[in-house]
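Hi,

Here is the structure I said I would pass on. Have a look through it first, and my notes follow below.

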Amino acid sequence: LEPQEINRALTLLGIDRDLERLLEELDTTQDGVVSFDEFLAWWRKNIMEARCVVTTSAKAWQSIVTNVNPPMNFGPLVLLKVTFTFCRSCRAFEPKWRKYSDQYKDIRFVELVGNGTVGAMEFCTQELGVKASPAFFVFRRGTDGGQLVMSWTGASVEKFETNLDTCIQQEAERQACDA
């Protein structure tokens with residue numbers, strides 16, 4: 001694969017990476033060429049099976065939340081965190097976000113950079129109604145675009161844990177009723 005092809009494809013998907021560092025990561029055989037197999041292995045590990053996915057594309061978000069057959073052991077809940085590049089509390093919350101993604105293993109963690117593209121900005125402000133960040137949205141996967149379960153704003157650890165635990169409990173009760 002040519003570097004420009006890889007960069008163009010990832011940009012279209014809303015994945016912004018430093019091309020030189022990415023090529024070093026992709027070229028596992030260190031032969032100066034990125035094969036399709038190398039790219040596919042990287043894609044599976046870093047995108048499909050990643051605990052946290054970062055995107056700047058509203059379309060990429062939609063493909064995640066509408067996927068009713070999620071990869072790995074992810075359950076029906078998807079947690080969307082909307083951040084902005086200028087948001088200090090978003091940057092401060094980042095290490096906690098990574099820690100929580102390891103703690104809550106059955107929930108897919110997705111970060112949408114709200115000012116990453118015009119489409120992301122419109123989605124965040126018009127469809128999600130984001131007025132403060134970080135903003136969190138828990139969705140239940142569904143082909144209809146997912147069902148919003150709960151939303152909140154702010155970088156409070158207590159609020160984050162309480163709200164996420166509530167969503168997990170409600171989902172467990174819903175699944176028990178469906179069984």
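First, a term you will need: a residue is buried when its relative accessible area is under 20%, exposed when it is over 50%, and partly exposed in between, with a 1.4 Å probe and protein chains only. Helices (H or I, at least four residues) and strands (E, at least two) are DSSP runs, numbered from the N terminus.

Two notes on where this comes from. It is a predicted model, so to speak of a local feature I need pLDDT of at least 70, side-chain atom pairs count only at pLDDT 80 or more, and totals for chains, interfaces and linings use all residues. Residues are numbered from 1 along each chain as its sequence is written, and side-chain values use heavy atoms, with hydrogens and water left out.

Now the sheet. It is open and has five strands in the order E1-E3-E2-E4-E5, with mixed pairing. Two strands count as paired if DSSP finds at least two bridges between them. At the edges sit E1 (52-55) and E5 (147-153), each of which pairs on one side only. From one strand to the next the twist averages 20°. For angles like this, axes are lines fitted to C-alpha atoms (for helices over the stretch in contact), and the values run from 0 to 180 degrees between N-to-C directions.

Who pairs with whom?

- E1 and E3 are parallel, with four bridges; Thr-55 has Leu-112 in E3 as its bridge partner.
- E2 and E3 are also parallel, over six bridges, and Leu-80 stands opposite Val-110 in E3.
- E4 (residues 135-140) and E5 run antiparallel and are joined by six bridges; the partner of Phe-137 in E5 is Ser-151.

How much of E3 is buried? Six of its six residues are. Arg-108, Val-110 and Leu-112 are buried on one side, and Phe-109, Glu-111 and Val-113 are buried on the other, so to speak for both faces: they are covered. As background, side chains in a regular strand alternate between the two faces of the sheet.

Two helices go with this sheet. H4 (residues 58-65) packs on the sheet and touches E1, E2 (77-83), E3 (108-113) and E4, where contact means heavy atoms within 4.5 Å. The direction of H4 makes about 165° with that of E3. H5 (residues 88-103) lies across E1, E2, E3 and E4, at about 160° to E3. Together, E2, H5 and E3 form a right-handed β-α-β unit; right-handed here means that, with the strands pointing away from the viewer, the path from the first strand over the helix to the second runs clockwise.

On to the cysteines. There is one disulfide (a pair of cysteine sulfur atoms within 2.5 Å) in the structure. The disulfide joins Cys-87 to Cys-90, with 2.5 Å from S to S, and both cysteines are buried. The torsion about their S-S bond is about 80°, so the disulfide is right-handed.

Why is Cys-177 not bonded to Cys-167? Their sulfurs are 16 Å apart, which is too far for a bond, and Cys-167 holds the closest cysteine sulfur to that of Cys-177. Cys-167 counts as buried because its relative accessibility is 1%, while Cys-177, at 67%, counts as exposed.

One last residue: Arg-21 is in helix H2 (residues 19-26) and, at 60% relative accessibility, counts as exposed. The C-alpha atoms of Arg-21 and Val-34 are separated by 13 Å, and the two residues are 13 apart along the chain.

Cheers
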